Amino acid sequence: MIRSSTIKVGVMAVVSLALLVAVMIWLRGRGLTPGETYDVLFRDVDGMREGAPVQIMGIRVGFVDLIEPVVINDKYFVRVAFSVTDESIKIPGGSLLSIQQSGLIGEKFLEITPPPLRDVMLITFAKPEKAITAGIPVKFVYEDGVLTVGKVERVERFDDENLTRYKLYYRVTRPGAVMPDKPVHELKMTRQGSYYLLIVSEEPVLTRAPDKELFFTIENPLRMKEFLEVQMASAEALKVTNEKISQLLSDETIATLSSTVKNTEILTARATDVLDSANELIQMANDDLEALVATSEQLADNLVVMSDNINDVIGDPALKQDIRSTVASIEQSTRALNTLLNDPELKKTFELVHDTSRDASELVELLRRTAEDRELQERLDQSLTLLNQSLEKLSRVLDNVDELTADDDADINAILQETRQTTGNLREFSEKLNKRFLLFRLMF
């Protein structure tokens, strides 16, 4: 009886101990099965210890098995091995691993964040020859070239009149692939005719492609010291900004701004007055414009009437007949003139007239030269003087002759008469010649 009671107590103790161990394991996130184990490399674990919980989207799914420092290619890392004990949880590739803390002084734990589903709206101005469907690859541009980092999981199409819009839902699943801060999405086509979504950075900077052996994207923790340094740098920048703002908001600046505001108000008031004056001017000019429009309309009516009158005049049969007869007369006159100009006798007459004109011109030139010849004029004057002296001598001779006999008187008288007539003719000739020379002198 005592032995059976001892056995019962022992069994109860063992069962209680087993239940206690199971409850403790369950409370710490451990399972009765080892689950799936993963190894990752961190540059810093920020105080996380072995046995720390592993969470995915805030749900505990495992624990950290091992934390140890390692050296790879002369670089120091921290190897973290963790297990996921919940068999229903499948961690997708490319998930983000980060070390988080529960509260300000809570324990450190490993957080798993699956890659988010992103979307982008693209527009094509014409319907593409080949349909854009789910499953097309998503690619990044790295130093090594264009690499596939994920795929499009769903496509929504919206057809408009002249363009087609596509909303693409995609997920970046390649480990280590980090979205750029300002991504630019472009829809490209390969040489084989298949589409792919290319994502590049707005800034012209290319990064190194991630390691192909990675399974997770690692986000190293930021230590408190570094965080405080960043906060101090931000505080310094904020202090400088505040000082600049204080300088800008000084009394002098405020006074200047006040005067500027007042000047602006005055300028606005004057601008309002100017606009009012302009409106009045426009109203005053409106009547003139209306009068101008009325005058223009009347002018247009007058032009219409004048056009009608011109059409009536042009359409008059009598006027047309007069114009035709006038044209016919002009044609006849033209023909007669052509016939006259082609007459050989008339051409010969024109030639003679031309020769006569040329001879007259030469004669005039000769007379001009004669009139200008001083030596010839002097000789003529001397000849006239000698002629006058001869006439005086002849008069004296005639007086002597009067004393001659009466028989010769008649003959002598006849001779004298002829001599006088000759002398008079010579005088008239001399006077006419002098007048001609005087006329030529005045002409030339």
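The secondary structure of the protein comprises seven helices and 13 strands. The model described here is predicted. Of its 444 residues, 19% count as buried. Two open sheets, one of seven strands and one of six strands, form the main subject of this briefing.

**The protein as a whole**

- The exposed surface of the protein amounts to about 33,500 Å², and carbon and sulfur atoms supply 58% of this area.
- Among the contacts in the protein with a separation of 6 or more, 59% are made by residues 24 or more positions apart.

**The seven-stranded sheet**

- This open sheet has the strand order S1-S4-S3-S2-S6-S5-S13, and its pairing is mixed.
- S1 and S13 stand at the edges with a single partner strand each, so one side of each has no neighbour in the sheet.
- On average, and with direction ignored, neighbouring strands of this sheet are turned by 35 degrees against each other.
- S2 and S6 run parallel and are joined by three bridges. Within this pair, Val-54 has Leu-110 of S6 as its bridge partner.
- S5 and S6, by contrast, pair in the antiparallel sense, over six bridges. Gln-100 has Phe-109 of S6 as its bridge partner, and Leu-96 stands opposite Thr-113 in S6.
- S6 is largely enclosed by the rest of the structure, because five of its six residues are buried.

**The six-stranded sheet**

- The second open sheet to be described has the order S7-S10-S9-S8-S12-S11, again with mixed pairing.
- Its edge strands are S7, covering residues 117-124, and S11, covering residues 183-189; each of them pairs on one side only.
- Neighbouring strands in this sheet are turned against each other by 35 degrees on average, direction ignored.
- At one edge, S7 runs antiparallel to S10 (residues 164-172), and eight bridges join the two strands. Leu-117 has Arg-171 in S10 as its bridge partner.
- S8, which spans residues 137-142, pairs with S12 in the parallel sense over three bridges. In this pairing, the bridge partner of Phe-140 is Ile-199 in S12.
- S11 and S12 pair in the antiparallel sense over seven bridges. Met-189 stands opposite Tyr-195 in S12.
- S11 and S12 also form a hairpin, with five residues between the two strands. Gly-193, located in the turn, has a positive phi of about 95 degrees.
- S12 is mostly covered, as five of its seven residues are buried.

**The nonpolar cores**

- The largest nonpolar core contains 21 residues. Those with the most contacts inside this core are Phe-42, Met-48, Val-80, Phe-82, Leu-97 and Leu-110.
- The elements that give two or more residues to this core are S1 (36-42), S2 (53-56), S3 (59-72), S4 (75-84), S5 (96-101) and S6 (108-113).
- S4 provides the largest share of this core, namely four residues.
- A second, separate core has 19 residues, including Leu-122, Ile-136, Val-149 and Tyr-170.
- Leu-110 links two of these topics: this residue is the bridge partner of Val-54, and it is also listed among the residues with the most contacts inside the largest core.

**Pro-210 and its surroundings**

- Pro-210 lies in the loop between S12 (195-201) and S13 (217-219). S12 belongs to the six-stranded sheet, whereas S13 stands at an edge of the seven-stranded sheet.
- Although it lies in a loop, Pro-210 counts as buried, because its relative accessibility is 15% and the cut-off for a buried residue is under 20%.
- When neighbours within four places in sequence are left aside, Pro-210 is in contact with Tyr-142, Arg-174, Pro-175, Gly-176 and Ala-177.
- One of these contacts, Pro-175, is 35 residues from Pro-210 in sequence, but the C-alpha atoms of the two residues are 7.1 Å apart in space.
- Another of these contacts, Tyr-142, lies within S8 (residues 137-142), which pairs with S12.

Methods. Residues are numbered from 1 along each chain as its sequence is written. This is a predicted model: local features need pLDDT of at least 70, side-chain atom pairs count only at pLDDT 80 or more; totals for chains, interfaces and linings use all residues. Side-chain values use heavy atoms; hydrogens and water are left out. Two strands pair if DSSP finds at least two bridges between them. Axes are lines fitted to C-alpha atoms, for helices over the stretch in contact, and angles run from 0 to 180 degrees between N-to-C directions. A nonpolar core is a set of buried Ala, Val, Leu, Ile, Met, Phe, Trp, Tyr and Cys residues joined through side-chain atoms within 4.5 Å. Buried means under 20% relative accessible area, exposed over 50%, partly exposed in between (1.4 Å probe, protein chains only). Contact means heavy atoms within 4.5 Å. Accessible areas come from the Shrake-Rupley method with a 1.4 Å probe; for residues, only the protein chains shown count as cover.
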